[in-house]
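These exercises come with worked solutions that go step by step. Please look over the sequence and the model before starting on the tasks.

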Protein chains: 2
Amino acid sequence: MYIEVYVEVRAHIYMSRVMLMADPNIEALFRPRSIAVIGASRHPGKIGYTILKNILECGYKGKVYPVNPKADQIMGLKAYKSVLEIPDEVDMAIVVVPEPLVLKVAEEAGKKGVKVLVVITSGFSEVGNVEAEKKLVEIARKYGMRVLGPNIFGVAYTPANLNATFGPKDLRAGPIAFITQSGALGIALMGWTIMEEIGISAIVSMGNMCDIDPVDVSHYLADDPNTRVITIYLEGLKPGQGRRFITEMKKITMKKPVIVIKAGRSKRGAQAAASHTGSLAGSDQIYSAAFKQAGILRALTVEEMFDWARAFAEQPIPRGEKTIIITNGGGVGVLATDAAEEHGVELVVPSGKLKEEFRKTMPWFGSPKNPVDLTGQAVVDNYVKALEVAYESPEIDNIVVLYCRTAILDPRDLAKAIIEVAKKHKDKQKPIVAGFVGGYDTYEAMKILNRNGIPAYPSPERAVASLAAMIKYMRYRKKKEK
Amino acid sequence: MYIEVYVEVRAHIYMSRVMLMADPNIEALFRPRSIAVIGASRHPGKIGYTILKNILECGYKGKVYPVNPKADQIMGLKAYKSVLEIPDEVDMAIVVVPEPLVLKVAEEAGKKGVKVLVVITSGFSEVGNVEAEKKLVEIARKYGMRVLGPNIFGVAYTPANLNATFGPKDLRAGPIAFITQSGALGIALMGWTIMEEIGISAIVSMGNMCDIDPVDVSHYLADDPNTRVITIYLEGLKPGQGRRFITEMKKITMKKPVIVIKAGRSKRGAQAAASHTGSLAGSDQIYSAAFKQAGILRALTVEEMFDWARAFAEQPIPRGEKTIIITNGGGVGVLATDAAEEHGVELVVPSGKLKEEFRKTMPWFGSPKNPVDLTGQAVVDNYVKALEVAYESPEIDNIVVLYCRTAILDPRDLAKAIIEVAKKHKDKQKPIVAGFVGGYDTYEAMKILNRNGIPAYPSPERAVASLAAMIKYMRYRKKKEK
């Protein structure tokens, strides 16, 4: 039932999108000069409290206006009875009032000249209340205002220190943008990215997508110098959105890599997605084909999506296919080799000359073939020398460096050395990924690597899979640029 | 070249195995009453130092005899010039002397009546020194002694507080046995299991497998009450080992689940494995078919192997196929549904009556279908009630409980509640797995769950995949038991 009513709403909204499409007000979603929080609250635990607090405590530099007819002051700021009373322009208005009041405050926001309305409030089409959502769009259209939501947790953009969400406030800044159709998953993943030290440029909760959709947001982020890769959790597109999504994403992927996790790829999963966000799921093969056509990288799990994003975030796009694996453990070397074949990563067959050079970097019982096995006797110096050879050799485009915890080589020392070598050879434009296996100190070493621009993974397979995603993207770009 | 010489050695050794096969001395590998460390050292950094230290500091209760002709005392223990001088029986002798001395000390150990020789020393067939390895086996055979190794990091068995390895010493005790053909990977994973709080019964480094092989060890562990699941990192079997491996593993998997990661499954990977451990890799399809026939579960990554092992370690084997997903987030519910279809997990379609019961556990806008969506408004009470329904319903065999971090439900409170409900319904014999998404406190909650017998994973997909492995094992057992 939700699907049917959705179709109706979407058809309606799609008509109006034509007018809104070129709207520059999307920028106000990321770099508003001023924000009104309509429904700001003095009571901890309330969403209107948390959002205002996050905005204030995360260092946002613009003006902030709490709107609450029952309060004079909130968090030391003067509170206004209505957005209309604010004696200044308002770029972004965040709406957290109960659903029955949303249309009224939207109308006021429109009158006020608000550029973008961020409607946190739920209780719209996701529970069958289609009428109100339709009206919300009508109001927005009338005033040339854009709407994010409803039924979302907000938006964050770290380059502007903007955290207009009710999620955690200590987001780590970085070049990965994350657009999510699922609110609960998105907000949970905010916390997860903090723990995993994944650097985020933007997080956008899409919710019911009554107006602003992933394409609008991706277009902005594709031109955003603070974003290097766009990740999207998608459950489904709605009628009328499909063609636009592919056409526009084609343009976007020529600027930046886009990784999508399309949930609801199984039959049962699609049904679950339909009842969750009301998406018209459509056949999964159609999505797969469309993504491929648009140059979108499709991840199958959240972990995979962020694994790949980490690589794109920090490393240059590969310039060729030829990959070398350097390891101190035969076992992880074999696992990486399996993963390379599985993911279509071409392992270079070193020339005699190159083998000779690698031979000089290792004990006599090592192997200069690919994987280059420095053996369990390897110390920092062996790795540094082998990496130097790899960076210098014209036979090699991409580097996978693996490490198994041994008693004689502290992974933290190795991490620092890898960072130095990589820095020295930055001009070579050779992507490098690391796969480290071990306990606490190895985990620490991976943090050091990740903080310093070397994507590091707790298994050889994940390192290789992430490089594979970059190579796949390179192939698409090269084909299109011909 | 390594392969060829290996074939020769193996053929030779296989003949001798017939005599050794029924040898009860394997028990001395896990529960030795006394241990001699031949090549024990007073110098930190030496392997002969670390192994002795690990044995002493991990609480081993038997007698320990350092053997070192140049020392009177090591770590407060009297040192002996030769194992022959020890005034007591010696069950296990650990050999860490340089390769040229190994045969001599092996001969002495044989004379002494040592039951099992653990040869840490490398420099044997793995580097082409086939003759010495052949002689080592001849000596062992002459005295009825078994040999683990050479070229290994040792053996650990937590129920006897035995850690005769040069790996980390703070292994976490638990019911997962781990047998590894790769030394470097194995020792790195020791550290990893500690960090991940994976409970280990035994870790056995196989090395060159000149005598004792994974079958010998698995037979012992299959009857070991402290082991519930056997995991094996395998690079390849050698000529003559294949048939025995399948025949014997068939018996073992009727007692306990066996999970194998067979590295070298790609063409290049097989070559790498061959030059690493000298394994005759063989076609990967042959391995796959053989594993299937023997009821072995094949994992593709190390993470996957231990994910599954964690489930087997703590939960009962499923009694049926019908699985329910309980969640507070639609998104993770969809991802879990996709994973269920992918892994062949049957999601139950709840009857009208069951839906009614689930309906009572959630807000009005929740969904009593499968996934059961308690919504982002869910608190502990909603989960407890829904879990009660799931445990009580005869329509349900298996439970997947998912959680997305929300502001209103602390994951640690939820963890404790899940543990209580699961304990209460232990007699129902319904396996439960958890998939939690969030930041630090969610991570903590997962630790609480894992420590209390509920396998918890940081993604819905990994939780479902682990349950799927259990269901697969159940199907095999049911088919065979008919």
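**Exercise 1. Work out how strand β5 of chain B is paired and how its side chains are placed.**

Solution. Begin with one neighbour: β5(B) pairs in the parallel sense with strand β6 (residues 116-119) of chain B, over four bridges. Strands here are DSSP runs of E with at least two residues, helices are runs of H or I with at least four, and both are numbered from the N terminus; two strands pair if DSSP finds at least two bridges between them. Within this pair, B:Met92 has B:Val116 in β6(B) as its bridge partner.

Next, take strand β1 (residues 34-38) of chain B, which is joined to β5(B) by four bridges, again in the parallel sense, and in which B:Ile35 has B:Met92 as its bridge partner. Finally, follow the directions along β5 (residues 92-95) of chain B: B:Met92 and B:Ile94 point one way, B:Ala93 and B:Val95 point the other way, and all are buried. Buried means that 20 or more other C-beta atoms lie within 10 Å of the residue's own, exposed means 12 or fewer, and partly exposed lies in between, with C-beta atoms placed from the backbone.

The model is predicted, so that local features need pLDDT of at least 70 and side-chain atom pairs count only at pLDDT 80 or more, while totals for chains, interfaces and linings use all residues. Residues are numbered from 1 along each chain as its sequence is written, and chains are lettered from A and ligands numbered from 1 in the order in which they are written.

**Exercise 2. Describe the open sheet of chain A that has β2 and β7 as its edge strands, and the helices that lie across its strands.**

Solution. The order of the five strands is β2-β1-β5-β6-β7 in chain A, with parallel pairing. At the edges, β2 (63-67) and β7 (146-148) of chain A each pair on one side only. Neighbouring strands of the sheet are turned against each other by 20° on average, direction ignored; axes are lines fitted to C-alpha atoms, for helices over the stretch in contact, and angles run from 0 to 180 degrees between N-to-C directions.

For one pair in detail, five bridges join β1 (residues 34-38) of chain A to β2(A), and A:Ile38 stands opposite A:Val67. Turning to the helices, α3 (residues 47-57) of chain A lies across β1, β2 and β5 of chain A at about 165° to β1(A), whereas α5 (residues 130-143) of chain A lies across β6 and β7 of chain A at about 145° to β7(A).

**Exercise 3. Find the order of the sheet in chain B that contains β17 and β18, and say which strands stand at its edges.**

Solution. This open sheet of five strands has the order β16-β15-β17-β18-β19 in chain B, with parallel pairing. Its edges are β16 (372-373) and β19 (456-457) of chain B, each of which has a single partner strand, so one side of each is left without a neighbour in the sheet. Inside the sheet, six bridges join β17 (residues 398-404) to β18 (residues 432-437) of chain B, and B:Ile399 has B:Ile432 as its bridge partner. Helix α17 (residues 460-481) of chain B packs on the sheet and touches β15, β17, β18 and β19 of chain B, with a direction at about 165° to that of β18(B).

**Exercise 4. Determine how chain A and chain B are related and how they meet.**

Solution. First superpose the copies by least squares on the C-alpha atoms of residues with pLDDT of at least 70 in both: a rotation of 180° with 0.0 Å of shift along its axis places chain A on chain B, with RMSD 0.0 Å. That is the relation of a two-fold axis. A:Glu303 comes closest to this axis among the residues of chain A, at 6.3 Å by its C-alpha.

Then turn to the contact, for which two residues must have C-beta atoms, placed from the backbone, within 7 Å: 59 residues of chain A are in contact with 59 residues of chain B. The most residues on the chain A side, ten, come from α12(A). Because 100% of the interface residues of chain A are also interface residues in chain B, the copies meet through the same surface.
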